[in-house]
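Here are my comments on the ligand site and on the empty space inside the protein, set out as numbered points for you to check against the structure.

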Amino acid sequence: MKRALVFGAGGFIGSHLVKRLAGEGFWVRGVDLKQPDFSPSAAEDFVVADLRDPSTALEALDRNFDEVYQLAADMGGAEFIFTGENDADILHNSALINLNVLDAARRSGNVGRIFYASSACVYPEHNQLDPDDPRTDEASAYPAAPDSEYGWEKLFSERLYFAFARNHGLEARVARYHNVFGPEGTWTGGREKAPAALCRKVAEATEGDSIEIFGDGLQTRSFLYVEEALEGTVRLMRSDFAGPVNIGSSEKVTINELALSIASIAEKTIRLDHIPGPLGVRGRSSDNRLIHEQLGWRPTRSLRSGLAETYRWIEAKVRDLITPAAAAAQHRRS
Ligand code: NAD
């Protein structure tokens with residue numbers, strides 16, 4: 001039986017990845033600071049431990065693994081990454097995790113291949129000032145000028161994986177994810193990303209309400225449904241191409257369009273209230289030429305179909321939170 005190890009298995013993408021690998025027949029071990037938030041892990045073995053401690057990765061690699069996926073990171077949405085308040089933690093914690101994982105991979109000799117989840121946040125801000133024409137071809141990451149410490153750590157760690165591949169014979173694969181979303185992702189609490197935050201705001205709103213949007217809402221992004229991110233991930237892992245390569249959608253929308261699309265899925269009329277807030281770059285979308293050239297594949301699922309599934313899941317969560325008393329009060333108001 002093939003074995004897979006997922007670091008960050010308690011997180012959003014990691015928990016979906018464990019499900020997929022277990023479904024493919026892998027024996028899966030997951031490692032994370034916490035169990036998945038919304039459903040039990042599909043991993044055969046789940047270790048709750050801190051990867052900043054060097055012994056965690058080494059102990060997890062006590063046997064041979066065909067596929068190792070490294071998704072653990074100290075991360076969140078714009079309110080976590082772009083305010084500056086978490087910069088030291090972001091750089092320190094995620095770099096330490098990657099240093100420890102690679103050192104354990106080298107020392108144990110038990111890693112067939114290792115995948116590292118990098119990010120679109122590595123791309124320089126100056127190439128993403130035009131919301132209609134952002135540049136994110138893989139080579140454009142250099143000369144480097146990410147707009148966040150999160151992006152700098154990702155760039156450093158990409159280099160670390162490739163250096164270990166060159167010097168210690170590891171088989172590394174590196175992908176740059178662009179805004180992955182879907183059910184069972186963080187949807188409240190400050191670390192949620194735009195699609196989940198907007199789904200929550202729309203679900204909480206009543207007909208005709210307004211919801212808050214950071215900035216003028218004309219900044220562009222693309223969003224990738226989690227199932228497609230997993231498809232790209234395992235295809236890259238099992239290919240001869242090392243990367244780095246974008247795994248993202250090329251369906252670019254403004255944040256206003258994203259909000260209105262969610263409102264239309266919810267069949268609500270919603271007004272947008274633009275307020276100051278952390279923004280990130282002005283425009284970003286995934287350039288999918290390289291992945292298509294190397295893997296003969298690129299994501300194709302429409303944004304709207306992924307949003308519909310995500311909205312249904314978040315709406316149910318919001319509904320669960322409404323206590324009978326609050327529901328009664330809401331009923332009296334309407
Ligand atoms: P997530 O925050 O849901 O998952 C990360 C997991 O890492 C969490 O469960 C967290 O508990 C775990 N972790 C953090 N510090 C740890 C530690 N010291 N020891 C053990 N576990 C620790 O994030 P996600 O959205 O699932 O992202 C997975 C990976 O993909 C991350 O590396 C992220 O940077 C990258 N990525 C994600 C996106 C996206 O849109 N979701 C975009 C670009 C890159």
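1. Which atom of the ligand is 3.0 Å from an N or O atom in the side chain of Lys193? In this predicted model, the partner of the Lys193 side chain is a nitrogen atom of the ligand.

2. Backbone atoms also take part: a backbone N or O atom of Leu71 lies 3.0 Å from an oxygen atom of the ligand, while for Leu33 a backbone N or O atom is found 3.3 Å from a nitrogen atom of the ligand. On its own the ligand has 810 Å² of accessible area, and the protein covers 92% of that area.

3. The elements that contribute two or more residues to the shell around the ligand are α1 (12–23), β5 (111–119) and α5 (149–168), and the largest share, three residues, is that of β5.

4. In total, 25 residues surround the ligand, with Ile13, Asp32, Asp50, Tyr150 and Val180 as the closest. Sorted by class, this shell holds 14 nonpolar, five polar and six charged residues.

5. As for enclosed space, a search of the whole structure finds one cavity of 30 Å³ or more, and the volume of the largest cavity is about 40 Å³.

6. The lining of the largest cavity includes Phe181, Phe223, Leu224 and Tyr225, together with Glu228, Ser249, Glu251, Arg301, Ser302 and Leu303. By class, the residues of this lining divide into five nonpolar, two polar and three charged.

Methods. Residues numbered from 1 in each chain as written. Predicted model: local features only at pLDDT ≥ 70, side-chain atom pairs only at ≥ 80, totals over all residues. Heavy atoms only, no water. 1 Å grid on protein atoms, 1.4 Å probe; cavity = no way out; pocket = protein on both sides within 12 Å on 5 of 7 lines; lining within 4 Å. Points joined across faces, edges and corners; volume = space filled by probe spheres on them. Nonpolar A, V, L, I, M, F, W, Y, C, P; charged D, E, K, R; others polar. Near = heavy atom within 4 Å. Polar contact = N/O pair within 3.5 Å; in protein donor to acceptor, adjacent residues only side chain to side chain. Areas by Shrake-Rupley, 256 points an atom, 1.4 Å probe, with all protein chains shown as cover. Helix = DSSP H or I, 4+ residues; strand = E, 2+ residues; numbered from the N terminus.
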